[in-house]
Amino acid sequence: MPTNKRSKFRGSRTCGGGTHKNRRGAGNRGGRGRAGINAHHFVRWYKEMGGPVFGKDGFCNQTAVDVTTIDVGALDQIVPSLLAQGIAKKEGDAIVINTADMGIEKVLGSGKVTQKINVSAAAFSEIAKAKIEKMGGKAQVVE
């Protein structure tokens, strides 16, 4: 007496699949590859990918370099906490900040500058430099 379905159907021509015409081609599995993914391969793509994905999207630049940035407005707002932590120093009426101490490479120009700050960074955007110098501060590029 067979103990499982596999051994039960050994020796039969179709292994319980009906006539020999059944289980024949791609029609049995609903098409080849990604055919019908909006219709009948629903459960598989829903579980694996969270929805249908059609083709490729864009490209991945292998030589891209990530640059850590901060806006001058954000820098202006966190000056009190930088002074408390000892990252920034007050020299006269200006506040001196070295962005390398915070792990930041570039200063961008979004936001408002409300106080005189002297900032040292590896790079500045044109707008950031203009905003810092407009308030009487200095934007110093450090390599």
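**View 1. Glu91 and Ala94 face each other across a hairpin.** In this predicted model, Glu91 has Ala94 of strand 3 as its bridge partner. The two strands involved are strand 2, residues 88-91, and strand 3, residues 94-98, and they pair in the antiparallel sense over 4 bridges. Have a look at the turn too: 2 residues sit between the strands of this hairpin, and Gly92 takes a positive phi near 70°.

**View 2. Strand 3 also pairs with strand 5.** Here the pairing is in the parallel sense, again with 4 bridges. Strand 5 covers residues 117-121, with Ser120 among them. Opposite Ser120 in strand 5 stands Asn98.

**View 3. Ser120 and its surroundings.** Is Ser120 buried or exposed? Ser120 has a relative accessible area of 13%, so it counts as buried, the cut-off being under 20%. Leaving aside residues up to four places away in sequence, Ser120 touches Ile97, Asn98, Thr99, Gln140 and Val142. For a handy distance to check, the C-alpha atoms of Ser120 and Val96 are separated by 8.0 Å, with the two residues 24 apart along the chain.

**View 4. An open sheet of 3 strands.** The strands follow the order 1-4-6, and their pairing is parallel. At the edges are strand 1 (69-71) and strand 6 (123-124), each of which pairs on one side only. Strand 4, residues 106-108, is joined to strand 6 by 2 bridges, and these two strands run parallel. To find this pairing on screen, start from Lys106, whose bridge partner in strand 6 is Ala123.

How values were computed: Residues are numbered from 1 along each chain as its sequence is written. This is a predicted model: local features need pLDDT of at least 70, side-chain atom pairs count only at pLDDT 80 or more; totals for chains, interfaces and linings use all residues. Side-chain values use heavy atoms; hydrogens and water are left out. Buried means under 20% relative accessible area, exposed over 50%, partly exposed in between (1.4 Å probe, protein chains only). Contact means heavy atoms within 4.5 Å. Two strands pair if DSSP finds at least two bridges between them.
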